[in-house]
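Reader: Hey, got a minute to walk me through this one? I'd like to get my bearings before I set anything up.

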Number of protein chains: 2
Amino acid sequence: MTAISDVARLAGVSKATASRALSGHGHVAEQTRLRVVRAAAEIGYIASPDAASLVTGRTKNVGVVIPFVNSWFFGEVLEGIERTLLDAGYDLTLYNLPVSGEARARVFDFFLARKRVDAVIVIAVDLAEAEVQGLERREKPIVCIGGSGEASARLSIDDRAVGMLATEHLLHLGHTRIAHLGGIGAAGDPASVAGLRAAGFREAVAAASDGAAPARDVEAIVIETEMGMPGGFEAGLQLLGHPAHRPTAVFAASDETAFGVIRAAERLGLAVPGDLSVIGVDDHEHAALFDLTTIAQTPAEQGRLAVEVALRMLGDDAVADPLPDSGAPLATRLIVRGSTARVTA
Amino acid sequence: MTAISDVARLAGVSKATASRALSGHGHVAEQTRLRVVRAAAEIGYIASPDAASLVTGRTKNVGVVIPFVNSWFFGEVLEGIERTLLDAGYDLTLYNLPVSGEARARVFDFFLARKRVDAVIVIAVDLAEAEVQGLERREKPIVCIGGSGEASARLSIDDRAVGMLATEHLLHLGHTRIAHLGGIGAAGDPASVAGLRAAGFREAVAAASDGAAPARDVEAIVIETEMGMPGGFEAGLQLLGHPAHRPTAVFAASDETAFGVIRAAERLGLAVPGDLSVIGVDDHEHAALFDLTTIAQTPAEQGRLAVEVALRMLGDDAVADPLPDSGAPLATRLIVRGSTARVTA
DNA sequence: GTGGTCGATGGAACCGGTTCCGGTTCCGTC
DNA sequence: GACGGAACCGGAACCGGTTCCATCGACCAC
């Protein structure tokens, strides 16, 4: 309703000067700057971002592509991204990406292709080459958290190391019959998160069997299951149902899966950790409640970091100098709680 | 990079005709329309939404204000909104609103005040009068899901009825010592969701005590607790810790709280539903897993509906005709599972 | 005193669409 | 065959900012 020309008129300057005064670009005498600012405040002037982005080509808006929001990990990442963008004065446009199909194509070919976002943050999505190229042709930085594909930048934990760390913890406790409940792709796709964690699991087991000190025979089994509590519960019932060859420890690829396993064990009358040790990954909000040993990662922090990397690529001044060591994998650490214990002979 | 003038030149028409052909407004001969469309496809033309919204005043973008994303209910609502907006060709700009403070003011005064969104969907937020007026002055429709304040439209379940329904279920089963674990505000603020559910609880209890048929003495207690599993767990331990006056049934104001109570009961060696009946609200994704009796509501559906109402207020053609009966409260229903049973004498 | 630099400012072009206004052309009707 | 109206299309204005370029004065160095 009120345009910058109104402000200019009221302040008795030209549009050009008003623009400079309000945006801070170029030289304006302090005195006239004040006049302009006061005039703007007086008539409640608010700049139109559309007009600005039309000419500058910058939208102050970042697209976030995420496969689902309703899971603890993704929710945390999203919150971390949101907070950081808001602080930097950016908008966040959300694209809840269907795994595949026509809707997915629409997101990339239509929504992201337009000039509405300056950069794209992609979470746990395996990007196709065409999808990446479409964005690169328009010179939009892509920052990925997890997932795969040729992005401009990628933040990732070392999932293979996570698998090894969790497994070694169980091995150290003397377990020799261990099951790994991995996500879809644990058995097959070695590039996926699930595959990497499973690989770490197998590697640790192999090292223990061949291995240095007291080489032992370790029975290891990998089961693919839907991540999340129901998946863990179902898998747990199956896995623990037959007393004959029941494992003494389970490494679940996510805490939510681990919760499901714990419930399944309880349902079957098994004590945790007396009869079964369970370790997860994430350090979920409820991990303490389930007294769950886990490999912690910090999704909200990952979101924050992704934003900083993206803004830096855009050359935005708002972000502080210290570059995060962008090549290195993100930190994870073992948190020992009460769900794992030394195996009872 | 490629503008509509390029398309026009290639197709041998004016900018005006090219615009009409591509947007579908106004009359264009089918033959020339095809020429334009083909030309556009040939050079990979994609319209700039900024330029369009600058002149039309419409952004095809809806702002969503939500207090947190990382909870099942809110995640579901958000997914429902996202899907529906995407289908209608709208973008979704997310504002994760801090409950109060300077950041909240920024969202309303800066982010939402600009011309970036056509409408605002607000979830479970109590809007201040000034916040509403700021948006109304700019003629932006506000659609609320839950929460309070003078919005243009509001979708809500009948929380008082929910409280009564849940409580009556427990009363019918013969329980006479019942605790209600409500959210913050259950005791105080009667306009809040927590307050309304608590009011329904009290009302049902009162009706049973005075009431018609076999008037009974019912002991009822209301406890305020943080919603969510940890809150329910803590409250459960406290509530159930003293065998002396332990309730035989708990009405938890959310399923997540109920999960916490169930875990607390199990921790204390109490059987559900043998020693304790538990009922929740939401029909959470995991309710079946916990075999939880609950009052179901459908957050994703509520999100979808909110979008339809908003688009209709914007006069968007994309939405189908049948008006949802917007005054009426949204549907809820009792789902009986195994966590509630007749009280054992 | 002269030339040069820098700060302050205004005029005007421009970003990329949409839409008003007016002019042709075409068709149906009397 | 004349006429009215609708379809079709182009020119130009416009949305609301940003920024290039030119102008002007002040100040400094020589």
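Author: Sure. Keep in mind that this is a predicted model. Let's begin at DNA strand D: 27 residues lie around that strand, and A:Ile4, A:Ala16, A:Ser19, B:Thr17 and B:His27 come nearest.

Reader: Which helices supply at least two residues each of the surface near DNA strand D?

Author: H2 and H4 of chain A do, along with H2 and H4 of chain B. H2(A) has the largest share of that surface, with six residues.

Reader: And how does the surface near DNA strand D divide into nonpolar, polar and charged?

Author: The split is 15 nonpolar, nine polar and three charged.

Reader: OK, what about the other strand? Which residues are closest to DNA strand C?

Author: The closest are A:Thr17, A:His27, B:Ile4, B:Ala16 and B:Ser19, out of 28 residues that surround DNA strand C. On this surface, at least two residues each come from helix H2 (15–23) and helix H4 (49–56) of chain A, and likewise from helix H2 (15–23) and helix H4 (49–56) of chain B.

Reader: Which helix gives the most to the surface near DNA strand C?

Author: That's H2(B), with six residues. By class, the surface near DNA strand C has 15 nonpolar, ten polar and three charged residues.

Reader: Does a record have anything on that part of the chain? What does UniProt list for residues 1–56 of chain A?

Author: An unreviewed UniProt entry lists those residues of chain A as "domain: HTH lacI-type". In the model, residues 1–56 of chain A are 68% helix and 0% strand, and the end C-alpha atoms of the span lie 22 Å apart.

Reader: Zooming out, what domains is chain A divided into?

Author: Domain 1 covers 4–47, domain 2 takes in 57–157 + 300–313, and domain 3 runs over 159–296. Between domain 1 of chain A and domain 3 of chain A, the C-alpha centres are 63 Å apart.

Reader: Now the protein–protein side. How many residues of chain A are in contact with chain B?

Author: 35 residues of chain A are in contact with 35 residues of chain B. On the chain A side, H4, helix H5 (72–87), strand E2 (91–96), helix H6 (102–111) and helix H10 (229–241) each supply at least two residues. H5(A) provides the largest share there, eight residues.

Reader: What's the makeup by class of the side of chain A that touches chain B?

Author: That side has 18 nonpolar, seven polar and ten charged residues.

Reader: Let's switch to sheets. What's the strand order of the six-strand sheet in chain A?

Author: The order is E7-E6-E8-E9-E10-E11 in an open sheet with mixed pairing. Strand E7 (219–224) and strand E11 (333–335) of chain A are the edges, each pairing on one side only. From one strand to the next, the twist averages 20°.

Reader: How do E9 and E10 of chain A run, parallel or antiparallel?

Author: Strand E9 (residues 277–282) and strand E10 (residues 293–296) of chain A run parallel, joined by four bridges. Within that pair, A:Ile279 stands opposite A:Thr293 in E10(A).

Reader: And which strands of chain A does H10(A) touch?

Author: H10(A) packs on the sheet against strand E6 (177–182), E7 and strand E8 (249–252) of chain A, with its direction at about 150° to that of E6(A). Helix H11 (residues 255–267) of chain A lies across E6, E8, E9 and E10 of chain A, at about 155° to E9(A).

Reader: Any odd backbone geometry I should know about? Where is there a cis peptide bond?

Author: One joins A:Val272 and A:Pro273, with omega about 5°. A:Pro273 sits in the loop between H11 and E9 of chain A. In chain B, a cis peptide bond joins B:Val272 and B:Pro273, with omega about 10°. B:Pro273 is in the loop between helix H11 (255–267) and strand E9 (277–282) of chain B.

Reader: What about phi, which residue other than glycine has a positive value?

Author: A:Asp283 is one, with phi near 60°. You'll find A:Asp283 in the loop between E9 and E10 of chain A.

Methods: Residues are numbered from 1 along each chain as its sequence is written. Chains are lettered from A and ligands numbered from 1 in the order in which they are written. This is a predicted model: local features need pLDDT of at least 70, side-chain atom pairs count only at pLDDT 80 or more; totals for chains, interfaces and linings use all residues. A residue is near a molecule or strand if its C-beta atom, placed from the backbone, lies within 6 Å of it. Ala, Val, Leu, Ile, Met, Phe, Trp, Tyr, Cys and Pro count as nonpolar, Asp, Glu, Lys and Arg as charged, and the others, Gly among them, as polar. Domain bounds come from an automatic or database domain assignment. Two residues are in contact if their C-beta atoms, placed from the backbone, lie within 7 Å. UniProt positions are given in the numbering used here, feature names are shortened, and annotations may be inferred rather than shown by experiment. Two strands pair if DSSP finds at least two bridges between them. Axes are lines fitted to C-alpha atoms, for helices over the stretch in contact, and angles run from 0 to 180 degrees between N-to-C directions.
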